[in-house]
Amino acid sequence: QVRLVESGGGLVQSGGSLRLSCAASGGTFSRIPMGWFRQAPGKEREFVASISSPGGFTYYADSVKGRFTISRDNAKNTVSLQMNSLKPEDTAVYFCAAEPSKLTNSARYWGQGTQVTVSS
């Protein structure tokens, strides 16, 4: 059982930046692919980014490519999402995920989510 706890959400103006972090426990973190998803009000959950284990490859949704960066620190069992040039359409609850699938928009383990609100 892997437990995930997100932090770092909040309110930011359009064009600003936020950094989300996710602390993992309960597994061999370096062997677990990790990712981020988001869900905006009235919309389905969507894939945002993922990083392989132990961390050589990253993948991004087209909507965030070039603005968001996913990274991991295997020594600290954390995965982060640096979000720059934020837009109002990035407003959503962001979920950390372990063993994510971009294809099926699913994951084996989920965090509780953290709210990101971008004002125009």
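1. A small detail to start with: Thr-69 has Gln-82 in strand E8 as its bridge partner. Strand E8 covers residues 78-83, and its pairing with E7 is antiparallel over 6 bridges. Two strands are said to pair here if DSSP finds at least two bridges between them. Strands themselves are DSSP runs (E, at least two residues), and helices are runs of H or I with at least four residues, numbered from the N terminus.

2. A word on what you are looking at. This is a predicted model, in which local features need pLDDT of at least 70 and side-chain atom pairs count only at pLDDT 80 or more, while totals for chains, interfaces and linings use all residues. Residues are numbered from 1 along each chain as its sequence is written, and side-chain values use heavy atoms, with hydrogens and water left out.

3. Back to the sheet that holds that pair of strands. Its 4 strands follow the order E1-E3-E8-E7, the pairing is antiparallel, and the sheet is open. Strand E1 (3-7) and strand E7 (68-73) are at the edges with a single partner strand each, so one side of each has no neighbour in the sheet. From one strand to the next the twist averages 15°; the angles run from 0 to 180 degrees between N-to-C directions, using axes that are lines fitted to C-alpha atoms, for helices over the stretch in contact. As a reminder, strands of a sheet pair through backbone hydrogen bonds, either parallel or antiparallel.

4. Now the fold as a whole. The protein has 0 helices and 11 strands. You may like its size check: for 120 residues a compact globule would have a radius of gyration near 14 Å, and the 13 Å of the protein agrees. That radius is taken over C-alpha atoms, and the globule rule is 2.2 Å times the number of residues to the power 0.38. The C-alpha trace spans about 40 × 25 × 25 Å along its principal axes.

5. Next, contacts and surface. Where residues at least 6 apart in sequence are in contact (heavy atoms within 4.5 Å), 56% of these contacts join residues at least 24 apart. Of the 120 residues, 42% count as buried; buried means under 20% relative accessible area, exposed over 50%, and partly exposed in between (1.4 Å probe, protein chains only). About 6200 Å² is exposed, with carbon and sulfur atoms supplying 48% of it.

6. The disulfide deserves a look. There is 1 by the rule used, namely a pair of cysteine sulfur atoms within 2.5 Å. Cys-22 and Cys-96 form it, with their sulfur atoms 2.1 Å apart. It links distant parts of the chain, since Cys-22 lies in strand E3 (residues 18-25) and Cys-96 in strand E9 (residues 92-101), 74 residues apart. The link is left-handed, with -80° about the S-S bond. Cys-22 is buried at a relative accessible area of 0%, and Cys-96 is likewise buried at 0%.

7. Finally, some backbone spots to inspect. Most residues other than glycine have a negative phi, and most peptide bonds are trans. The bond from Ser-53 to Pro-54 is cis, with omega near 0°, and Pro-54 sits in the loop between strand E5 (46-51) and strand E6 (58-60). Ser-85, in the loop between E8 and E9, has a positive phi of about 50° and is partly exposed at 42% relative accessible area. Asn-105 also has a positive phi, about 55°; its place is the loop between E9 and strand E10 (106-110), and Asn-105 is partly exposed at 25%.

How values were computed. Accessible areas come from the Shrake-Rupley method with a 1.4 Å probe; for residues, only the protein chains shown count as cover.
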